[in-house]
Amino acid sequence: MKRTIMFFTMIALIALLAFPIMAQGQQEAEDAGPEVVGFDWQSRSGETIKIMANKHPWVDIIEPKIGEFEAMTGIKVELAVYPEDQFRTKRTVEMVSGASDVDVFMLMPGNSLAQYYQAGWVAPLDDLMASESFLWPEYDLDDIFSSALDAGVKEDKHYTIPILLETSLLSYNKEIFEKYDVAVPTTMEELEAAAKKIYEGSNGQIYGITLRGKKAAATSQWVDFLHSFGGEWLEGDKSGLGTEAAIAATDYYGRLLRLYGPKSAPSNSWYEAISIFMQGKAAMVYDASVFKPNYEDPTKSEVAGKVGYAVIPAGPAGSIPHISNWALSLYSKSDNKEAAWLFVQWATSKDIALEGLLAGIPSARNSAWDSSEFKDNDTTPEWTAASIASYEVASPIWNPPVIPVGECRDAAGSAIVASILGEDVRAASLAAEKTMNDILANQ
Amino acid sequence: MKKVQKAAFYGAVFLLCIIPLFVFLWMFMTGLKTQADNLAIPPKIFFTPTMQNFKSVFDQGHFFKYLGNSAIVALFSVGIALLLGLPASYGIAKYRMRKIGLVLLVARMVPFISYLIPWFIIFRALGLVDTYISLITTHLIITLPFVIWIMVNFFEGVPASLEEAALIDGCSPLQAFVRILIPVVRNGIFTASVLSFIFSWNQFLFSLILSGNRTMTVPVAVFQFISYEEINWGGLAAAATVITVPPLIMTVFVQKYMIKGLTSGAVKG
């Protein structure tokens with residue numbers, strides 16, 4: 001009796017161990033497909049690719065079209081979509097485990113590429129980008145804004161293909177500007193004067209400006225003020241948070257919110273900041289250009305049709321906004337990189353870029369902005385003009401160009417909050433600088 | 001005098017309940033409002049209710065499928081936990097092995113995220129990611145220690161003479177366990193089942209990592225109402241309201257037993 005049990009247990013264990021090995025054998029057999037010469041959408045027909053995406057309006061555009069891609073290529077696509085926080089958690093756990101079966105995932109290079117590159121989770125794309133067999137002749141890599149493509153470069157190799165290119169814009173309520181006789185500010189002094197005039201003119205009923213003030217979240221907009229005041233995240237390889245320019249920028253940013261902004265500023269992230277603007281309770285907001293469809297949607301916004309757009313006003317160092325982008329990357333351990341690359345090309349093609357732009361997603365492709373179809377249907381030419389002007393002067397840096405991005409953003413965030421609350425900005429900035437240097441020294 | 005006491009008692013009950021009830025009511029009201037009403041400042045107390053959010057919960061996505069997934073995972077993980085946990089807790093209680101009980105509890109107290117990566121690697125290798133098996137097995141870490149820990153107290157409360165009498169009357173040990181002991185501790189079983197069902201139902205992290213499109217559970221699905229640029233408060237609240245209904249019904253259903261179970265557990269504990 002005991003022997004029989006032992007026997008079956010052994011069989012079960014062996015079967016269990018053999019399973020992954022068998023599965024691997026099968027995959028290798030599938031990989032050795034016919035050698036392809038010349039581009040053919042069908043060349044990887046029969047493969048299945050898994051895509052992990054963040055719940056983003058761009059995904060809403062491609063999701064219903066995936067059937068078209070499947071029909072064209074014979075590749076089966078499994079798309080899993082998660083909201084941003086959950087998406088980041090899941091993506092990180094799967095990457096850390098080293099056992100993910102994902103082939104393509106969304107990534108914000110400015111946020112995560114340094115980490116993903118160092119950990120070896122992303123695959124270089126250069127061979128595929130130069131491949132005669134797999135580069136779609138109509139793909140036109142040169143049409144993609146070089147700044148967006150370059151954001152995905154590490155040590156001369158490309159790791160991401162941009163799906164959109166965001167910048168930040170100063171959005172203002174034209175009605176309020178007219179009522180209080182304020183001109184569109186072009187310098188930081190004018191911006192503060194405008195905020196003051198409106199806030200005091202309305203007896204505090206209308207905030208001059210609303211901005212993010214919530215610690216780390218605020219840094220992605222504050223950084224444009226930092227750059228425009230002549231500051232940098234890094235001075236050499238040390239923190240630049242304690243320089244005179246950085247202190248001036250942090251002081252200015254906090255002062256705007258303290259004197260002319262909502263009391264809730266230190267706990268506001270983008271959602272709260274733009275909500276206040278959309279309710280007509282603030283005259284200006286400085287935040288990402290992708291929020292235009294929200295501002296202009298009359299079912300959500302009371303300021304629809306009344307919004308003007310401008311590039312960030314000039315500080316001592318000029319107008320320096322930033323660009324940031326979401327992109328697609330291939331998982332380095334993917335077994336279906338060619339099929340995945342076909343998907344990436346289709347999903348970032350000219351047609352989809354144009355369709356996205358028509359829906360308000362700022363395209364990373366020149367042809368979309370240039371197309372007559374977009375120009376004819378453009379309901380907010382001011383936004384278009386401001387976006388393009390902003391791309392031209394923008395810096396690709398918005399996060400500290402280091403690996404511990406989150407910790408350094410937290411450090412800068414505490415100085416921003418201190419400034420909003422009217423505490424000693426110099427002391428807070430120097431403390432943030434020290435914290436950041438400690439983080440950098442310990443990594 | 002009695003009346004005053006009674007009034008004071010109900011007053012205190014009211015005060016204790018008002019806060020959780022308010023939160024629940026607010027969630028329900030949010031589900032009945034349009035997005036514009038939900039974003040209004042100050043919040044609107046009076047508004048025209050709309051069923052649109054509840055409708056959208058069932059229209060878009062496969063909410064029934066997610067509810068079914070959650071039900072399958074929770075029911076099986078509770079069922080298996082009872083199957084394994086009842087004999088285990090009986091043994092622990094009868095032979096005074098409290099230390100083993102403690103070890104099991106520690107397994108539950110370890111932060112769940114530390115299990116997650118090894119589990120993901122194992123289930124990936126076995127091809128079990130996005131299957132019920134992986135979710136049910138992992139949810140056992142929530143339900144099993146919980147069942148054991150509660151049931152040990154109940155089994156300890158059963159006089160040894162009861163079992164001895166059954167044995168003398170001709171029961172086998174297994175019969176004595178199933179026919180005599182289990183009915184005696186049924187209040188505890190109800191309590192343990194309902195509470196561990198709720199814990200499993202609400203479990204988010206395991207479900208996020210180990211499920212996929214096929215086996216997504218409701219706590220993960222609820223977040224589909226948050227997108228990159230906006231939060232659909234109405235839809236989110238409507239979905240949250242819907243998913244609280246099954247545990248709620250279950251609680252009401254076995255409430256009578258549960259209250260006995262909870263108090264006796266408390267006195268013993």
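Here is a short back-and-forth on a predicted model with chains A and B.

User: Why are helix 7 and helix 10 of chain B called roughly antiparallel?

Analyst: Helix 7 (residues 132-157) of chain B packs on helix 10 (residues 186-202) of chain B at an angle of about 160 degrees. The label goes to angles over 145 degrees, so helix 7 of chain B counts as roughly antiparallel to helix 10 of chain B. Their axes are 9 Å apart, and the crossing is right-handed.

User: What makes B:F146 part of the contact between helix 7 and helix 10 of chain B?

Analyst: Contact here requires C-beta atoms within 7 Å. B:F146 is listed among the helix 7 residues that meet helix 10 of chain B, along with others including B:I142, B:I150 and B:F154. From helix 10 of chain B come residues including B:A192, B:L195 and B:F199.

User: And what classes of residue make up that contact of helix 7 with helix 10 of chain B?

Analyst: Nine are nonpolar, six are polar and none are charged. Gly goes with the polar class, so B:G188, which helix 10 of chain B brings to the contact, is classed as polar.

User: How do you know what kind of fold pattern chain B has along its sequence?

Analyst: Chain B has 13 helices and zero strands, and its pattern reads α-α-α-α-α-α-α-α-α-α-α-α-α. The C-alpha trace spans about 70 × 70 × 30 Å along its principal axes.

User: What makes a residue of chain B count as buried, and what percentage do?

Analyst: The cut-off is 20 or more other C-beta atoms within 10 Å of the residue's own. Of the 269 residues of chain B, 36% make it. On contacts in chain B between residues at least 6 apart in sequence, 80% join residues at least 24 apart.

User: Which element gives the largest share of the side of chain A that touches chain B?

Analyst: Overall, 28 residues of chain A are in contact with 24 residues of chain B. Helix 4 of chain A gives the largest share of chain A's side, eight residues. The elements that give two or more residues there are helix 1 (2-31), strand 2 (76-82), helix 4 (84-97) and helix 12 (270-278) of chain A. By class, chain A's side has twelve nonpolar, nine polar and seven charged residues.

User: Where are the two domains of chain A, and how many residues does each give to their contact?

Analyst: Domain 1 covers 39-165 + 325-377 and domain 2 covers 180-322 + 395-442. The contact takes eleven residues from domain 1 of chain A and nine from domain 2 of chain A.

Methods
Residues are numbered from 1 along each chain as its sequence is written. Chains are lettered from A and ligands numbered from 1 in the order in which they are written. This is a predicted model: local features need pLDDT of at least 70, side-chain atom pairs count only at pLDDT 80 or more; totals for chains, interfaces and linings use all residues. Domain bounds come from an automatic or database domain assignment. Helices (H or I, at least four residues) and strands (E, at least two) are DSSP runs, numbered from the N terminus. A residue is buried if 20 or more other C-beta atoms lie within 10 Å of its own, exposed if 12 or fewer, and partly exposed in between; C-beta atoms are placed from the backbone. Axes are lines fitted to C-alpha atoms, for helices over the stretch in contact, and angles run from 0 to 180 degrees between N-to-C directions. Angles under 35 degrees count as roughly parallel, over 145 as roughly antiparallel, 65 to 115 as roughly perpendicular and the rest as oblique. A crossing is left-handed if the near helix is turned anticlockwise from the far one by less than a right angle, and right-handed if clockwise.
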